[in-house]
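Welcome! Keep the sequence and the 3D view open while you try each exercise, and read the worked solution afterwards.

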Amino acid sequence: MKKLHFDCECSEVWASPKNWKTITGKKALTENWYVQCVFYDPKFKEKYPKGFPFRKKLNKLKTLEERKAAVQLYLEEIPKLFLDKGYNPITKTFMIEPVQEEKNFLKELCQETPFNIALDLAISTLKKAESTMNDLNSVVKNVKKSAMQLRYDDIAVSEITRKHIKLIIDNLEKVDGEFSAHKFNKYRSYLSIVFSELLEWEAIKSNIVRDISKRKQEKNIREVLTKEQRIQVVNHLKRFHPEFHTFTQIFFHSGIRITELLSVKAEHVDLKNQKYKALIKKGTSYEWKECVIKDVALPFWNKAVFGARKDDFVFSTGLVPGTKPLKYNAIRLRWKRNVKTMLNITADFYSLKHLNLDETTELLSLEDAARMANHKGTKMVSSVYAVGEKQRQFEKLKKVSNSL
């Protein structure tokens with residue numbers, strides 16, 4: 001095995017047929033003619049555990065003399081292609097040895113910072129909601145892996161172009177399967193957040209991700225619980241998981257996000273005036289807001305804060321007051337285990353917010369539902385949360401009795 005760049009290796013190059021030098025006659029052209037070797041890249045050991053077969057087919061050449069000349073040429077040039085020029089047949093790129101000298105750009109975010117390191121540094125400076133940071137880290141992890149496979153990881157971040165980003169995502173699609181329009185747009189959105197941070201640090205001159213076109217996607221109607229399922233869920237949780245039942249009822253009537261509700265402490269709750277304070281996180285904006293405790297939700301709040309000390313989180317370990325905040329994933333897993341699996345229900349926990357805001361829209365108005373969700377306008381409620389509003393509009397229009 002020959003050692004190549006980046007710990008890659010290649011086998012000896014061989015030709016078919018084995019007697020290509022001495023073979024003669026018309027039957028020789030019926031043989032399968034090719035030159036081949038096996039290329040090993042440690043970054044692709046899972047996909048190609050036995051190596052990547054690099055083959056040059058020669059059957060299209062019409063004469064025996066042409067095929068023999070081509071074999072001779074490839075036997076000489078393929079080793080040079082890999083060893084001297086650093087060609088990687090898996091990524092179809094030419095590899096360049098990294099500079100070994102450690103520089104400041106490995107520690108500080110600047111235009112010379114290698115791409116993958118710049119992504120890590122940008123992520124470390126971002127302050128977003130926990131769920132957003134989880135998604136950002138997941139996307140960046142996959143992007144970095146793809147960049148390494150394409151050997152873009154050591155390119156200075158300021159030299160990364162839209163083409164690099166598109167090829168990185170194309171490579172991810174080749175490995176993981178074609179992205180849905182929704183998944184592609186999510187990657188674009190989260191990468192744009194990271195590149196905006198790089199722009200703030202003047203590591204790049206523009207946010208190139210914003211100029212990548214979105215893919216058109218079909219808008220699906222959010223699945224919510226049916227009336228029968230709501231009764232089933234309430235009865236089941238009330239009987240077998242009373243703490244989760246309390247949290248579920250409070251979340252349903254709150255209109256805020258799961259992470260925002262989990263950050264509420266006992267000192268933020270004013271039962272007498274039926275309100276509580278929550279830190280609402282919208283994009284880069286963090287703002288304390290007063291939220292209403294509905295009459296129907298008051299008994300659940302009374303139960304939730306009972307025995308809590310002033311500085312306790314209302315929902316800590318076991319969904320009871322405590323000193324440690326509960327993670328978003330704890331709610332998702334409880335719903336999956338106790339509702340989806342046990343009751344064979346497919347709607348997710350967050351659909352409860354959609355259900356509540358839709359019913360608030362029906363009973364009051366879009367404006368009231370937007371205020372409950374702490375949205376500045378009605379656009380988000382109308383387009384995302386009020387899942388039944390379109391049908392209600394249809395029903396209203398059907399009853400219009402004007403005639404010609």
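**Exercise 1: a helix and its two sides**

What should the 14 residues of helix α6 (residues 227-240) span at 1.5 Å a residue, and how far apart are its end C-alpha atoms?

*Solution.*

Before we start, note that this is a predicted model, in which local features need pLDDT of at least 70, side-chain atom pairs count only at pLDDT 80 or more, and totals for chains, interfaces and linings use all residues. Residues are numbered from 1 along each chain as its sequence is written, and side-chain values use heavy atoms, leaving out hydrogens and water.

Step 1. Helices (H or I, at least four residues) and strands (E, at least two) are DSSP runs, numbered from the N terminus. The expected span of a helix is 1.5 Å times one less than its number of residues.

Step 2. For α6 this gives 20 Å, and the end C-alpha atoms are 20 Å apart, which agrees.

Step 3. Now look for the buried residues, where buried means under 20% relative accessible area, exposed over 50%, and partly exposed in between (1.4 Å probe, protein chains only). In α6 the buried ones are Gln229, Val233, His236 and Leu237. These four cover an arc of only 90° around the axis, so they sit on the same side of α6; the arc is that of the directions from the helix axis to the C-beta atoms.

Step 4. A general rule helps here: an α-helix has 3.6 residues a turn, so residues three or four places apart point the same way.

Step 5. Turn to the other side of α6, and you will find Lys227, Glu228, Ile231, Lys238 and Arg239 exposed. The buried residues, in contrast, pack against α7 (242-254) and α10 (328-343), with contact meaning heavy atoms within 4.5 Å.

**Exercise 2: a second helix**

Find helix α3 (residues 130-149) and work out which helices its buried residues pack against.

*Solution.*

Step 1. Helix α3 has 20 residues and reaches 29 Å from its first C-alpha to its last, close to the 28 Å expected.

Step 2. Its buried residues include Met133, Leu136, Val140 and Val143.

Step 3. The partners of the buried residues are α2 (115-125), α4 (162-176) and α5 (181-200).

Step 4. Pick out Lys144, which is found in α3. Lys144 touches Asn116, Leu119 and Asp120, not counting residues up to four places away in sequence. Lys144 and Asp120 are 24 residues apart in sequence, with 9.2 Å between their C-alpha atoms.

Step 5. Just after α3, Arg151 takes a positive phi of about 65°.

**Exercise 3: backbone details in loops**

Look at Asp7, Pro17 and Gln274, and say in which loop each is placed.

*Solution.*

Step 1. Asp7 is in the loop between β1 (2-3) and β2 (9-10). Its phi is positive, about 65°, although Asp7 is not a glycine. Asp7 counts as exposed because its relative accessibility is 68%.

Step 2. Gln274 is in the loop between β8 (269-270) and β9 (275-282). Gln274 also has a positive phi, near 50°. With a relative accessible area of 21%, Gln274 is partly exposed.

Step 3. Pro17 lies in the loop between β3 and β4. The peptide bond from Ser16 to Pro17 is cis, with omega near 5°.

**Exercise 4: rings and charges**

How many aromatic pairs does a search of the whole structure find?

*Solution.*

Step 1. Rings of Phe, Tyr and Trp (its six-membered ring) pair if their centres lie within 6.5 Å; planes under 30 degrees apart count as stacked, over 60 as edge-to-face and the rest as tilted. The search finds 13 pairs.

Step 2. Ring pairs link Phe244, Phe247, Phe251, Phe315, Trp335, Phe349 and Tyr350 into a cluster.

Step 3. A charge sits over a ring if NZ of Lys or CZ of Arg is within 6 Å of the ring centre and within 35 degrees of the ring normal. Arg55 lies over the face of Tyr34, at 3.7 Å from the ring centre. Lys183 lies over the face of Phe179, at 4.4 Å from the ring centre.

**Exercise 5: confidence**

Which helix has the lowest mean pLDDT among the elements of the protein chain, and which the highest?

*Solution.*

Step 1. pLDDT is the predictor's confidence in each residue, from 0 to 100. The chain averages 87, and 89% of the residues score at least 70.

Step 2. Helix α13 (residues 379-385) has the lowest mean, 61, and helix α9 (residues 298-305) the highest, 96.
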